[in-house]
Amino acid sequence: MPVGAALRPRAMSSSHLNYEYGPLWERVMRTLTSEIGDGSLSPGDRLPAESALMARFGCSRHTVRRALSELERLGMLRIEQGRGAFVHDTAIHYRLSRRVTHSSNLIREGRRPSSQILETETRPSDEETARGLAIAPGTLVRSITSLSFADDIPISVSENLIEAAQWPEIELSKGALLRMSQIYAAMGNPTYRRLSTVILSRAPRADEARHLEQPVSRWVVVTKKVDAGPDGTPICYGVTVWSADRVQFVIDPEDP
């Protein structure tokens with residue numbers, strides 16, 4: 001069954017529009033985003049007419065249109081000429097299985113996957129990473145942080161960590177397309193399987209919210225995974241922060 005669908009951000013009433021930061025169109029957008037997140041506005045619902053939104057928020061038509069346009073860009077609304085704005089069901093059904101691959105999940109949903117590398121570094125492993133990779137704490141690991149998109153809409157920020165001694169002879173440039181399966185293959189693991197996935201939820205950090213183009217008040221889903229090579233040895237520990245409004249997880253005990 002889908003996991004994460006019930007992880008909705010808290011509702012924000014129109015009285016919260018008295019925030020003293022951000023332009024008015026962003027405040028309108030945040031309120032509508034929260035109402036979509038908490039179910040006050042359901043997939044397929046038509047939003048009130050522009051005149052009604054202007055009266056509700058005490059703003060101009062330009063402000064309303066700017067907010068709706070941004071929500072459409074983020075994939076939360078679809079605007080139909082002559083009919084109005086409708087809540088768009090953008091949730092991606094993301095399968096978690098023993099041989100899950102990010103790109104195939106999105107392609108199966110009819111989405112175009114893409115990604116960019118934000119940062120790479122080599123550093124000593126902390127206890128959590130060391131436990132996931134079955135190495136001693138302090139062992140050097142290679143960290144790769146990337147931002148993933150579905151149809152140019154950001155859906156997740158990931159950090160993948162691999163023991164530095166196991167890192168293959170390849171270089172990654174910031175902004176490059178990232179495919180972990182290619183890195184695994186270069187490590188001598190043409191096939192791999194998921195050993196474990198832990199799912200939790202929390203409020204995003206400021207940098208995570210910025211990358212996901214969402215307010216910090218909207219919660220995220222976090223997955224922590226361990227991938228292993230054919231012999232069962234852990235090869236990668238990863239932490240991914242997902243936009244809870246854009247992705248629903250489906251637990252699949254069988255391989256796709």
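**Note on the salt bridges, cores and largest pocket of a predicted model**

1. Arg 194 is buried, with a relative accessible area of 15%, and this value, like every other one in this note, comes from a predicted model. The partner of Arg 194 is Asp 227, with which Arg 194 forms a salt bridge whose closest N and O atoms are 2.6 Å apart. Asp 227 is buried as well, its relative accessible area being 2%. Because Asp 227 belongs to strand S9 (residues 220-228) and Arg 194 to strand S8 (residues 193-202), the pair ties together parts that are 33 residues apart in sequence.

2. The structure holds 14 salt bridges, and some of them join up: Arg 202, Arg 205, Asp 207 and Glu 208 are linked in a network. Within this network, Arg 202 forms a salt bridge with Glu 208, the closest N and O atoms lying 2.9 Å apart, while Arg 205 forms one with Asp 207, where the corresponding distance is 3.1 Å. As for exposure, Glu 208 is buried at a relative accessible area of 4%, whereas Arg 202, at 24% relative accessibility, counts as partly exposed. Arg 205 and Asp 207 also count as partly exposed, with 47% for Arg 205 and 27% for Asp 207.

3. Turning to the nonpolar residues, the largest nonpolar core has 19 of them, and Leu 32, Leu 47, Leu 68 and Leu 77 are those with the most contacts inside it. Two or more residues each are given to this core by helix H1 (24-37), helix H2 (50-57), helix H3 (61-73) and strand S3 (84-87), and H1 gives the most, with 5 residues. Leu 47 shows what such contacts look like: leaving aside residues up to four places away in sequence, Leu 47 touches Leu 32, Leu 41, Leu 68, Leu 77, Ala 85 and Val 87. Apart from this core lies another, made of 13 residues, among them Leu 172, Tyr 184, Met 187 and Tyr 192. As general background, nonpolar side chains tend to be buried together in soluble globular proteins.

4. Finally, the largest pocket has a volume of about 500 Å³. Its lining consists of 28 residues, and those that lie nearest the centre of the pocket are Tyr 94, Thr 101, His 102, Met 180 and Lys 225. Sorted by class, the lining of this pocket has 14 polar, 10 nonpolar and 4 charged residues.

Technical notes: Residues numbered from 1 in each chain as written. Predicted model: local features only at pLDDT ≥ 70, side-chain atom pairs only at ≥ 80, totals over all residues. Heavy atoms only, no water. 1 Å grid on protein atoms, 1.4 Å probe; cavity = no way out; pocket = protein on both sides within 12 Å on 5 of 7 lines; lining within 4 Å. Points joined across faces, edges and corners; volume = space filled by probe spheres on them. Nonpolar A, V, L, I, M, F, W, Y, C, P; charged D, E, K, R; others polar. Salt bridge = Lys/Arg side-chain N within 4 Å of Asp/Glu carboxyl O. Helix = DSSP H or I, 4+ residues; strand = E, 2+ residues; numbered from the N terminus. Buried < 20%, exposed > 50% of the residue type's maximum accessible area, 1.4 Å probe, protein only. Core = buried A, V, L, I, M, F, W, Y, C linked by side-chain atoms within 4.5 Å. Contact = heavy atoms within 4.5 Å.
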